[in-house]
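Subject: Handover of a structure and notes on what was found

Dear colleague,

Please find below the structure that I am handing over to you. My notes on what was found in it follow directly after.

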Amino acid sequence: RMRNPSPMLGLVLAACAAHTNLEPLGPGNRSPHVSFGGPIVEAFGTRMPVPYLAAGVDYGVTPTVNLGFNAHLLPLAYGIVGADAGATWFPVASPGGPTVGLEARLFAFVSVRPGFNKRVFSYPVLSASVAERVGGGLGYAGTNLVLSAARPDLDPDAARQILSPFLGYRWNLGARTALLTEVKWHGANLRSDQLAVNYLHPAGHGALTTLVALQRRF
């Protein structure tokens, strides 16, 4: 029997996209986006980010709530269908001031390859972010918390939650188009010696992750 997909799915797949839900869109407005990047690994004698690709859309339903959906494209190459959906509430969103977002999201991955005895993996993710105008764009910071994640390889006593703080900047490319650049410390609470892959890890924990996203507002 073939093995299940690695328990490191919780680190590599969940929340591996730029944080695009930074401010309320307003009822009926939508913002499709494409995100690229991932944890930095050693490969071919150098270090490079995992070429993780996700595409999705954010949609405003009330003046303070957005919905969001992402399809995860890279896992298809490994016989895994992945998607996530969630809602973001903005308790603080004043013009010219900081914007605070609180998000709840569910990630789901389904193995369609034969021979796996566990086919469905799901991860609830909670996020908090704060964003503020800086120069001509939007600076932001926050953190993701993956709950009930699969335990990392090599350590059955490892934490079952994954904490991933992030810092980014949204560059305006016009009235409706923006480019997001983000650095995330993926799995900051996990020791690097718990991980089966040799990631670039700050302070011996987790994996440094670089992400870019192209966003368009309608």
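A residue is called buried here when its relative accessible area is under 20%. Glu103 has a relative accessible area of 8%, so Glu103 is buried. Please bear in mind throughout that this is a predicted model.

Salt bridges around Arg105

The search of the whole structure gave five salt bridges. One of them joins Arg105 to Glu103, with 3.0 Å between the closest N and O atoms. Arg105 has a relative accessible area of 9% and is therefore buried as well. Arg105 also forms a salt bridge with Asp84, and here the closest N and O atoms are 2.4 Å apart. Arg105 belongs to strand E6 (residues 99-111) and Asp84 to strand E5 (residues 80-93), so this pair ties together parts that are 21 residues apart in sequence. Both Arg105 and Asp84 are buried.

Salt bridges around Glu23

A further salt bridge is found between Glu23 and Arg170, whose closest N and O atoms lie 2.7 Å apart. Because Glu23 sits in the loop between helix H1 (9-12) and strand E1 (30-43), while Arg170 is in strand E9 (residues 162-172), the pair ties together parts that are 147 residues apart in sequence. Arg170 is buried, as is Glu23. For Glu23 the relative accessibility is 16%, and so this residue counts as buried. Salt bridges link Glu23, Arg133 and Arg170 in a network.

Which residues does Glu23 touch, not counting those up to four places away in sequence? They are Asn66, Phe90, Thr99, Arg133, Leu138 and Arg170. Two members of this list, Arg133 and Arg170, are thus also partners in the network just described.

The second largest pocket

Glu23 and Arg170 appear again in the account of the second largest pocket, which holds about 240 Å³ of space. This pocket is lined by 19 residues, and those closest to its centre are Glu23, Arg170, Ala178, Gln215 and Arg217. Two or more lining residues come from each of E9, strand E10 (177-191) and strand E11 (205-216). By class, the lining of the second largest pocket consists of four nonpolar, eight polar and seven charged residues.

The largest cavity

Rolling a probe the size of a water molecule over the atoms shows where empty space is left. How many cavities of 30 Å³ or more does a search of the whole structure find? The search finds one, and the space in the largest cavity is about 210 Å³. Its lining comprises 22 residues, with Ala17, Ala18, Asn70, Glu103 and Arg105 nearest the centre. Glu103 and Arg105, which form a salt bridge with each other, are thus both in this group. The elements that contribute two or more residues to the lining of the largest cavity are E1, strand E4 (65-72), E6, E7 and E10. E6 provides the largest share, with three residues. The lining of the largest cavity is made up of seven nonpolar, nine polar and six charged residues.

Strand E8 and the strands paired with it

Strand E8 (residues 137-146) is mostly covered, since seven of its 10 residues are buried. E8 runs antiparallel to strand E7 (residues 120-134), and 10 bridges join the two. Arg133, already mentioned for its place in the salt-bridge network, has Leu138 in E8 as its bridge partner. Two residues lie between the strands in the hairpin of E7 and E8, where Gly135 takes a positive phi near 60 degrees. E8 is also joined to E9 by nine bridges, and these two strands run antiparallel. For Thr143, the bridge partner in E9 is Pro165.

Gly139 is one of the residues of E8. Its relative accessibility is 14%, and so Gly139 counts as buried. Leaving aside neighbours within four places in sequence, Gly139 is in contact with Val130, Ala131, Glu132, Val134, Gly168 and Tyr169. From C-alpha to C-alpha, Gly139 and Leu167 are 8.0 Å apart in space, although 28 residues separate them in sequence.

Yours sincerely

Notes. Residues are numbered from 1 along each chain as its sequence is written. This is a predicted model: local features need pLDDT of at least 70, side-chain atom pairs count only at pLDDT 80 or more; totals for chains, interfaces and linings use all residues. Side-chain values use heavy atoms; hydrogens and water are left out. A salt bridge is a side-chain nitrogen of Lys or Arg within 4 Å of a carboxyl oxygen of Asp or Glu. Helices (H or I, at least four residues) and strands (E, at least two) are DSSP runs, numbered from the N terminus. Buried means under 20% relative accessible area, exposed over 50%, partly exposed in between (1.4 Å probe, protein chains only). Contact means heavy atoms within 4.5 Å. On a 1 Å grid over the protein atoms alone, a cavity is a set of points where a 1.4 Å probe fits but cannot get out, and a pocket is an open set with protein on both sides within 12 Å along at least five of seven lines; lining residues have an atom within 4 Å of a point. Grid points are joined across faces, edges and corners, and a volume is the space filled by probe spheres set on the points. Ala, Val, Leu, Ile, Met, Phe, Trp, Tyr, Cys and Pro count as nonpolar, Asp, Glu, Lys and Arg as charged, and the others, Gly among them, as polar. Two strands pair if DSSP finds at least two bridges between them.
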